[in-house]
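Open the model in your viewer and keep the sequence panel visible. This tour goes from one selection to the next.

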Amino acid sequence: MFAEIKRKIRDGERISEQDALYLFNSDELHQIGELADEVSRKINLNRAYFIINRHINPTNICVNRCRFCAFSRSKGEEGAYEMTQEEVLASIREAWQSMGYLTEVHIVSALHPEWQFEHYLEMIKAIKEEFPNIGIKAFTAVEIDYFAKKSGMDIDDILIELKEAGLDIMPGGGAEIFKPDVRNIICPEKISGERWLEIVKVAHSLGIKTNATMLYGHVESYEDRVDHLLRLRKLQDETGGFLAFIPLSYQSENTQIKVAYPSGIDDLKTIAISRLVLDNIPHIKSYWIMLGEKLAQLALLFGADCLEGTIIEEKIAHSAGARSKKGNTVEELVHLIREAGKIPVERDSFYNVLRIF
Ligand code: V47
């Protein structure tokens with residue numbers, strides 16, 4: 001079976017649902033990884049990317065209380081916070097000063113009960129006005145749906161206004177696992193997987209590139225993961241709008257779903273199979289925040305080609321017990337990539353090359 005999968009991949013044929021399931025159930029990690037690395041090198045040569053960016057979460061006050069999330073709070077609850085627009089701008093100024101410059105901000109908020117769509121629009125406008133050259137990656141499909149519901153506007157109009165205000169691309173969060181029975185357990189209040197895909201499709205049709213994620217290692221089965229990957233592959237065939245896929249390794253501390261965290265083997269296998277299934281998505285991110293720096297480095301030999309970025313202050317995974325640092329230096333990211341035998345490449349939000357080390 002593995003030989004046949006290898007033949008398909010080498011002949012440029014797609015692997016099927018059964019093939020992907022076989023790989024998840026297989027113990028042939030080295031072979032799967034080697035094949036994924038081969039594919040990765042075909043797409044991205046011997047490069048591994050990173051970006052000088054800052055993550056900002058303007059609030060953690062959320063009307064949805066997903067059971068896997070340790071970051072969100074209800075209004076008035078201990079630990080709930082809201083940043084002012086000025087605090088958001090100040091955090092970018094600070095990041096710019098400490099890093100020398102910043103290429104991107106990644107903004108993911110929560111579904112705040114009172115903030116209106118205009119608040120987010122003003123945020124993007126103010127950032128673009130002060131930092132016209134910084135790429136803005138902001139708001140998941142879940143937030144876009146919430147803005148539309150709150151304002152009574154259509155998804156198209158929300159996205160058009162955000163784009164005009166300066167939004168460059170959208171992050172891939174909120175996808176979790178698309179299968180409804182899993183979603184009903186882990187995030188019953190969240191929009192459906194279908195709706196997530198629908199909103200992303202609209203974004204792509206308006207020329208807004210997005211990423212996609214998959215949260216794995218909680219209650220889902222391998223079948224659910226394969227279903228998730230195949231739905232993304234199908235949408236990408238239609239739109240070509242996904243830039244990167246990021247498998248998110250579940251962190252369970254302080255959450256309502258307590259399970260043993262995914263093992264390193266599972267993490268590497270998931271990265272590798274993602275690379276093999278998603279033959280039409282150019283980049284696979286090894287998210288060092290959730291994998292830990294050292295496993296994320298190893299994943300660069302298992303099909304991943306991007307370490308995301310410097311991040312500076314990560315909150316979502318760290319609320320749930322992530323053991324990695326909250327941010328990283330360019331020197332350390334370059335070191336991790338070099339020691340993996342890859343060429344470190346600094347990129348912008350669209351994967352244009354800024355610097356080759
Ligand atoms: O949407 C929440 C996930 C996501 C937990 O697009 C958790 O470039 C693990 O989407 N354990 C936010 N994961 C992070 C995200 C992301 C990160 C980096 C880059 C990009 C990109 C996107 O984190 C959420 C949710 O799916 N999440 N809680 C948890 N306990």
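The stops below start at the ligand and end at a strand.

The model is predicted, so local features need pLDDT of at least 70 and side-chain atom pairs count only at pLDDT 80 or more, while totals for chains, interfaces and linings use all residues. Residues are numbered from 1 along each chain as its sequence is written, and side-chain values use heavy atoms, with hydrogens and water left out.

Select the ligand, then the 23 residues around it. A residue is near a molecule if one of its heavy atoms lies within 4 Å of it. Lys 137, Gly 172, Glu 176, Gln 251 and Lys 285 come nearest. By class, this shell has ten nonpolar, nine polar (Gly counts here) and four charged (Asp, Glu, Lys and Arg) residues.

Next, show the polar contacts, meaning pairs of N or O atoms within 3.5 Å. A side-chain N or O atom of Lys 137 is 2.6 Å from an oxygen atom of the ligand. For Lys 285, a polar side-chain atom lies 2.7 Å from a ligand oxygen atom. At Phe 68, select the backbone: an N or O atom there lies 2.8 Å from a ligand nitrogen atom.

Now color strand 6 (209-216) and strand 7 (242-249); each supplies at least two residues of the shell around the ligand. Strands are DSSP runs (E, at least two residues), numbered from the N terminus.

Last, go to strand 9 (residues 306-309) and select Glu 308. Is Glu 308 buried or exposed? Glu 308 counts as buried because its relative accessibility is 2%, and buried means under 20% relative accessible area (1.4 Å probe, protein chains only).

Terms used: Polar contact = N/O pair within 3.5 Å; in protein donor to acceptor, adjacent residues only side chain to side chain. Helix = DSSP H or I, 4+ residues; strand = E, 2+ residues; numbered from the N terminus. Buried < 20%, exposed > 50% of the residue type's maximum accessible area, 1.4 Å probe, protein only.
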